[in-house]
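Biologist: I have this model open at my bench and would like a close look at one part of its surface. Please start there, then walk me through whatever else helps me read the model.

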Amino acid sequence: MVTLQLVLLFGASIFFALNMGGSTMAPAFGVALGARILGRRFAVGLFCVFLIAGSLVLGKLTATTLSRDIVPPGTLDLRTTTIMVGAAAAALFLANFLRIPQSTVWVTVFALSAVGVVRGNLIESTLVRRFIPVWVLLPLTSFLLTTAVTRIFYPLRGWNTRLHEHLQKHTWKMRALVVASSCYVAFAAGGNNVANVVGPLAAAGVMDTTNAFLLMAPIYAMGGIIFRSPTATVGREIVPIGLFSATICNLVTGSVIIIASLLKVSQSLVQVNMAAVLAVSVVKDGSHVVLRNSTLRRVLGLWLVTPLIAFGLTWLLVTVLG
């Protein structure tokens, strides 16, 4: 019976990791793929290498929070963990099916919170004092910082006109910067978002965090091959920005996510990246153009619905199945 439960748990975890990779690949390499700088397989290879590096350097910080600070140690047995991970994976699969990059963090934390609600031992202070403030402040920081940096280079005037002329003569440099900054985002994601699947495994006592990261990070990366649609949505439908602006977004996104990891809080890479992208669009095109983007409205709507699905499904199954 225990063996069957382990098989189900690992199956759910692998499915969850693949779905997370499909969603995370979008903000990390969406522009590089959309501009056809890299082939998908090569991009996934880079994604995998830097995910593993980031997870080994910073991953334990956020994994510890997810495994101990939302519900007390001992709450997540094999059955409960399988339900929670499976519900989160199902909600994220819906977003990938609809071609929308979704917050892997939100579905994980909402599913974990549902377990705490059913068991009556949710550690509310972690959510109120740490997660929610960071979830609000870091995307706002991403937006404001990207706005400030972008306004230095846009609109064209004086010295920055000469800079843009120089960059246009050396397009290969900008393409290289986009790739390098995409790898930086992948490193940041490895240090923060891979913990969404590792944390529950560690809490259930199935694996130690280091081995779990080494197992799940490559599987996470493979999601970038299997779930291609979210990457296409970011690379072609939501991101009306050039190579230089994309580099700014990537550098801000990666830095903000690393800050979240140092704070030991899981932070949505998708939302931080989207805040940076919106900042560029507002500076270059105006807020009225951004607000008319139908794809953006669809993304924002699903961001609210999907975590609620993860919460509701987890609550229902844990209540019924015990």
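Modeller: Happy to! On the surface, Val117, Trp315, Leu316, Val320 and Leu321 make up a nonpolar patch, and together they offer about 460 Å² of accessible area. Such a patch gathers residues with over 30% relative accessible area and no salt bridge, joining nonpolar side chains (Val, Leu, Ile, Met, Phe, Trp, Tyr) within 5 Å and like charges within 9 Å. The areas come from the Shrake-Rupley method with a 1.4 Å probe, and for residues only the protein chains shown count as cover.

Before going on, please note that this is a predicted model, in which local features need pLDDT of at least 70 and side-chain atom pairs count only at pLDDT 80 or more, while totals for chains, interfaces and linings use all residues. Residues are numbered from 1 along each chain as its sequence is written, and side-chain values use heavy atoms, with hydrogens and water left out.

Back at the patch, helix α14 (residues 294-321) brings the largest share, 4 residues. Val117 sits in helix α4 (residues 104-119). With a relative accessible area of 41%, Val117 is partly exposed, a class that lies between buried (under 20%) and exposed (over 50%), judged with a 1.4 Å probe and protein chains only. Helices here are DSSP runs of H or I with at least four residues, strands are E runs of at least two, and both are numbered from the N terminus.

Helix α14 turns up again at the largest pocket, where α5 (124-153), α12 (269-285) and α14 each supply at least two lining residues. About 230 Å³ of space lies in this pocket. Among its lining residues are Trp106, Trp135, Phe143, Gln271, Met274 and Trp303. The greatest contribution to the lining, 4 residues, is from α12.

A pocket is an open set of points on a 1 Å grid over the protein atoms alone, where a 1.4 Å probe fits and protein lies on both sides within 12 Å along at least five of seven lines; lining residues have an atom within 4 Å of a point. Its volume is the space filled by probe spheres set on the points, which are joined across faces, edges and corners.

Helix α5 also takes part in a salt bridge, as the side chains of Arg130 and Asp69 meet at 3.2 Å, N to O. This pair ties together distant parts of the chain, 61 residues apart: Arg130 is in helix α5, and Asp69 is in the loop between α2 (40-68) and α3 (78-97). The rule asks for a side-chain nitrogen of Lys or Arg within 4 Å of a carboxyl oxygen of Asp or Glu, and by it the count comes to 1 salt bridge. Arg130 is partly exposed at 27% relative accessible area, and Asp69 is partly exposed at 24%.

Leading into α12, the loop from α11 (243-262) holds Lys264. Lys264 has a positive phi of about 65° although it is not a glycine. Its relative accessible area of 40% makes Lys264 partly exposed.

For contrast, look at helix α8 (residues 195-203), which is mostly covered, with 7 of its 9 residues buried. Asn196 and Pro200 are among the buried residues of α8. Just after α8, Gly205 takes a positive phi of about 75°.

Stepping back, the protein chain has 14 helices and 0 strands, and 56% of its 322 residues are buried.
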